[in-house]
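Here are a few exercises to help you find your way around a new structure. Try each one yourself before you read the solution.

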Amino acid sequence: LLEISTGRLSLETERFTVRAIVSSQNQENGTVQDNVVESKPITVTARANFGLEGVSDPDIILFNPSVRSFFEPSQVDDIGQSVDHVHLITNEGPSAVPGVRLTIHWPVETTNSNHLLYLID
């Protein structure tokens, strides 16, 4: 029985080599083999099963860029309705994937350079 721990491998590891030094004895013919060295390369594959869920509150907002405010906003509440987004990333393995990051590219302006979003958090 040979048990191999992969705890110190990184996600970038593609191959590693197992080197075993063994001694064996065959009682039937009386032969002994000492310090037999075997090296075997092993291919490593990390697999993960990711899921992404997201919800917005409120889930729908109507936007009309032709409606303009008659004053310059001085605080966040003057801009308009707040929208909160919550995202959940799950990994059902079998491999652990530390340091996962979700990047969302939000549209900040319309094609006419009208402000579309004001990111505050």
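In which elements of the chain is confidence lowest and highest?

Before solving that, note that this is a predicted model, where local features need pLDDT of at least 70, side-chain atom pairs count only at pLDDT 80 or more, and totals for chains, interfaces and linings use all residues. Residues are numbered from 1 along each chain as its sequence is written, and side-chain values use heavy atoms, with hydrogens and water left out.

**Solution 1.** Start with the score: pLDDT is the predictor's confidence in each residue, from 0 to 100. Helix α1 (residues 76–79) has the lowest mean, 69, while strand β3 (residues 50–57) has the highest, 89. For the chain, the mean is 76, and 75% of the residues reach 70 or more.

**Exercise 2.** List the elements of the chain in order from the N terminus.

**Solution 2.** First, what counts: helices (H or I, at least four residues) and strands (E, at least two) are DSSP runs, numbered from the N terminus. You'll find one helix and four strands. Walk along the chain and they come as β-β-β-α-β.

**Exercise 3.** Work out how β1 and β2 are arranged.

**Solution 3.** Strands pair if DSSP finds at least two bridges between them. Here 11 bridges link β1 (residues 15–26) with β2 (residues 31–43), and the two run antiparallel. Next, check who faces whom: Arg 15 is opposite Thr 43 in β2, and Ala 20 is opposite Glu 38 in β2. Finally, look at the turn: the two strands make a hairpin with four residues between them, and Gly 30 in that turn has a positive phi of about 70°.

**Exercise 4.** Find the salt bridge, and say why one of its partners, Glu 38, counts as partly exposed.

**Solution 4.** The rule is a side-chain nitrogen of Lys or Arg within 4 Å of a carboxyl oxygen of Asp or Glu. The structure has one such bridge, and it joins the side chains of Glu 38 and Lys 40 (3.7 Å, N to O). Now the exposure: buried means under 20% relative accessible area, exposed over 50%, and partly exposed in between (1.4 Å probe, protein chains only). Glu 38 has 40% relative accessibility, so it counts as partly exposed.

**Exercise 5.** Spot the cis peptide bond.

**Solution 5.** Most residues other than glycine have a negative phi, and most peptide bonds are trans. The bond from Asp 57 to Pro 58, though, is cis, with omega near 0°. Pro 58 sits in the loop between β3 and α1.

**Exercise 6.** Place Glu 92, and say whether it is buried or exposed.

**Solution 6.** Glu 92 is in the segment after β4. Its relative accessibility is 65%, so Glu 92 counts as exposed. Then look across to Asn 49: Glu 92 and Asn 49 are 43 residues apart in sequence, yet 5.2 Å apart in space, C-alpha to C-alpha.
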